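Please write a short report on the fold of this protein, for a reader who is new to structures. Cover the sheet, the core and the aromatic pairs.

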Amino acid sequence: MKIHFSIHYITKGGQRLQLSISNPELLVSEFSMHSNNESVWSTEIELPENTTTVQYQYQIVESEGYVIPAYGGMRELIVPQNESIIFVKDFWRGPYGDAPFNTDIFKNCFFRRDIKYQAPK
C-alpha cells in the first residue's frame with residue numbers, strides 16, 4: 001500500500017521538509033520531501049499491507065541540521081484496507097503563523113493575568 005503525502009509550506013533559505021513516521025514495521029522513519037515551484041512539498045511511502053494506522057509529523061530541517069517539528073504533535077491516519085494508494089493533502093500547523101493573538105503583545109498587554117494566590121482557609 002502506498003501513501004502520498006503533500007503539504008503547502010513556504011520555506012526560508014536553506015530549509016527543507018521531511019516527514020517523520022511512527023510505525024515499528026518501517027526501517028526508515030524520516031522521509032525527505034520534495035517541493036514543486038508552488039511550495040507544495042510531497043513524498044510517497046510504501047507500507048505493509050496489514051497497516052491499520054499511521055502516526056506522522058511534518059518537520060522543518062534547517063541547513064545546520066536542526067529539526068523543528070510542526071506544532072500540535074503527531075497526526076494520525078486511519079488506513080482504509082481496500083485502497084492500494086492513498087492521497088493525503090495536509091495544512092501546516094504552526095503555533096503562530098497568522099495567529100496575531102499568540103504574540104507577546106497580546107499575551108503581555110491585552111490578555112495579561114495577574115495571578116494572586118490565596119492561602120487555603
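## Strands, core and rings

Strand β1, residues 2–8, runs parallel to β9, and the two pair over 7 bridges. One bridge joins I7 to its partner D90 in β9. This is a predicted model.

Now step back to the whole chain. The protein chain holds 1 helix and 9 strands. Along the sequence, the pattern reads β-β-β-β-β-β-β-β-β-α. Of the contacts with a separation of 6 or more, 61% join residues 24 or more positions apart. Buried residues make up 31% of the 121 residues. The chain exposes about 8900 Å², and carbon and sulfur atoms supply 53% of that area.

**The sheet**

Strands β1 and β9 belong to an open sheet of 4 strands. The order is β4-β5-β1-β9, and the pairing is mixed. The edge strands are β4 (34–35) and β9 (85–91), and each pairs on one side only. At the β4 edge, β4 pairs with β5 (residues 40–46) in the antiparallel sense, over 2 bridges. There, S35 stands opposite W41 in β5.

The other edge strand, β9, has two faces. I86, V88 and D90 lie on the covered face. I85, F87, K89 and F91 lie on the uncovered one.

**The core**

Which residues have the most contacts inside the largest nonpolar core? They are I3, F5, I21, Y56 and Y58, in a core of 22 residues. The elements that give two or more residues to this core are β1, β2 (16–22), β5, β6 (53–61) and β9. The largest share, 4 residues, comes from β6.

Take Y58 from that list. Leaving out residues up to four places away in sequence, Y58 touches F5, S6, I7, Q18, L19, M33, P69, A70, R75, D90 and W92. Two of these names have come up before: I7 and D90 are bridge partners.

**The aromatic pairs**

The count comes to 3 aromatic pairs. Two of them are set out here.

| Pair | Centre to centre | Angle between planes | Type |
|---|---|---|---|
| F5 and Y56 | 4.9 Å | 55° | tilted |
| Y9 and W92 | 4.4 Å | 40° | tilted |

Why does the pair of F5 and Y56 count as tilted? Its planes stand at 55°, so the pair is tilted. Planes under 30 degrees apart would count as stacked, and planes over 60 as edge-to-face.

This pair links distant parts of the chain: F5 is in strand β1, Y56 is in strand β6, and they are 51 residues apart. Both F5 and Y56 are buried. F5, Y56 and Y58 form one aromatic cluster.

The pair of Y9 and W92 also links distant parts of the chain, 83 residues apart. Y9 is in the loop between β1 and β2. W92 is in the loop between β9 and α1 (104–110).

Are Y9 and W92 buried or partly exposed? The cut-off for buried is under 20% relative accessible area. Y9 has 17%, so Y9 is buried. W92 has 23%, so W92 is partly exposed.

Terms used:
Residues are numbered from 1 along each chain as its sequence is written. This is a predicted model: local features need pLDDT of at least 70, side-chain atom pairs count only at pLDDT 80 or more; totals for chains, interfaces and linings use all residues. Side-chain values use heavy atoms; hydrogens and water are left out. Two strands pair if DSSP finds at least two bridges between them. Buried means under 20% relative accessible area, exposed over 50%, partly exposed in between (1.4 Å probe, protein chains only). Contact means heavy atoms within 4.5 Å. Accessible areas come from the Shrake-Rupley method with a 1.4 Å probe; for residues, only the protein chains shown count as cover. A nonpolar core is a set of buried Ala, Val, Leu, Ile, Met, Phe, Trp, Tyr and Cys residues joined through side-chain atoms within 4.5 Å. Rings of Phe, Tyr and Trp (its six-membered ring) pair if their centres lie within 6.5 Å; planes under 30 degrees apart count as stacked, over 60 as edge-to-face and the rest as tilted.
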